[in-house]
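Q: Please give a close account of the salt bridges in this structure. I should like to know which side chains pair, where they lie and how accessible they are.

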Amino acid sequence: MKHLAFLFNTLCLCVFAQAQSLPERLGYPAETKLLIIHADDLAVAHSENKASFEAIENGSVNSASVMVPCPWLLEVAEYARSKPTHDLGLHLTLTSEWKHYKWGPVAPINEVTGLVNEDGFLYPDCPMMAAVATPEEVERELRAQIEKAISLGIDPTHFDSHMGCLFFSNHEFFGIYLRLGREYRVPTMMSRDVLRLLPDSARTHVTESDIIVDRIVTANPENFHAGFKEYYSDVLKSMTSGVTVLLIHTAYDDHEMQGITVDHPDWGATWRQQDFDFFTSGKCKKLLTAQNIQLITWREIRDKLLR
């Protein structure tokens with residue numbers, strides 16, 4: 001059976017490789033460099049919200065995703081209702097990673113007991129969550145997050161996965177993730193490069209109806225310590241044709257964000273301020289123009305291919 005699964009997924013990848021390119025399906029020439037500049041973690045903090053709103057309104061950020069279980073959700077919902085054409089997806093959340101700043105599930109705790117620790121909060125990382133959560137509990141919680149967002153007036157343009165828990169923790173979780181995207185008729189963030197890293201058991205869940213972008217790019221701690229200006233400049237200068245998603249985190253390096261991210265310098269307040277600084281800079285805008293990079297949104301992908 002393992003050999004059959006491997007053959008099946010090899011054939012799937014060949015089909016994806018030979019099919020019309022995603023830019024062409026969207027109505028662009030195949031050689032077009034399309035980019036989504038995507039800010040994660042809206043609703044985690046007021047600082048995160050305000051910086052992200054600013055980066056969308058006056059910077060180069062053109063997409064963001066919302067963490068529904070987090071405390072500052074209502075501020076995002078108000079913004080979404082006032083900006084109905086903006087590109088806001090859902091950062092489907094099964095973990096609560098900060099040291100002193102925690103949140104629990106959206107679904108009733110007694111219906112998702114495998115998702116919470118003894119204090120009633122989501123676990124801090126994906127392996128801890130995946131060790132005890134069942135697929136039924138994961139699906140119940142994800143549906144609760146989606147329905148709550150919609151009830152507050154957020155029109156989700158896509159789904160993605162906080163900390164990648166739905167990609168790598170359990171192939172059944174990945175299947176649920178893709179299936180919910182099909183059900184709600186939104187793209188689920190997934191790329192060809194990430195797909196190749198997944199086990200055969202996960203890739204069997206992918207169908208021809210799923211949207212697969214060409215690549216997902218995000219900074220790591222080594223890039224942060226070497227300097228984000230140089231890193232992001234190199235990313236934009238080296239972009240190739242296809243659809244690229246650039247994942248960033250925009251917030252202010254203020255007391256609120258410093259308190260939330262205490263003892264967590266990577267992806268912390270300074271990191272997020274530097275993301276904000278680059279993607280609201282004139283240098284970023286000039287590079288996008290000089291490199292003939294065209295910004296695209298998940299909303300455009302959704303509305304052209306899934307609606």
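A: In this predicted model, the count of salt bridges comes to 14, taking a side-chain nitrogen of Lys or Arg within 4 Å of a carboxyl oxygen of Asp or Glu as the criterion. Side chains of opposite charge can pair when their charged atoms come close. Three of these pairs are described in turn below.

One of the salt bridges joins the side chains of Arg272 and Glu48, with an N to O distance of 2.8 Å. This pair links distant parts of the chain: Arg272 belongs to helix α14 (residues 269-279) and Glu48 to helix α3 (residues 46-58), the two being 224 residues apart. Arg272 and Glu48 are both buried.

A salt bridge is also formed by Glu183 and Arg143, whose closest N and O atoms are 2.6 Å apart. Here, too, distant parts of the chain are linked, with Glu183 in helix α8 (residues 171-184), Arg143 in helix α6 (residues 135-151), and their positions 40 residues apart. Glu183 counts as partly exposed because its relative accessibility is 44%, a value that lies between the 20% and 50% limits. Arg143 is likewise partly exposed, its relative accessible area being 25%.

The pairing of Asp200 with Arg203 is contained within a single helix. Their closest N and O atoms are 2.8 Å apart, and both residues lie in helix α10 (residues 200-203), where a spacing of three residues corresponds to about one turn of the helix. Asp200 has a relative accessible area of 23% and is therefore partly exposed, whereas Arg203, at 10% relative accessibility, counts as buried. Returning to Glu183 and Arg143, salt bridges that share partners join these two residues with Glu139 and Arg179 into one network.

Helix α3, which holds Glu48 of the buried pair, also contains His46. With a relative accessible area of 30%, His46 is partly exposed. Leaving aside residues up to four places away in sequence, His46 touches Trp72, Glu75 and Glu256. In addition, the C-alpha atoms of His46 and Met257 are 8.6 Å apart in space, although 211 residues separate the two in sequence.

Technical notes. Residues numbered from 1 in each chain as written. Predicted model: local features only at pLDDT ≥ 70, side-chain atom pairs only at ≥ 80, totals over all residues. Heavy atoms only, no water. Helix = DSSP H or I, 4+ residues; strand = E, 2+ residues; numbered from the N terminus. Buried < 20%, exposed > 50% of the residue type's maximum accessible area, 1.4 Å probe, protein only. Contact = heavy atoms within 4.5 Å.
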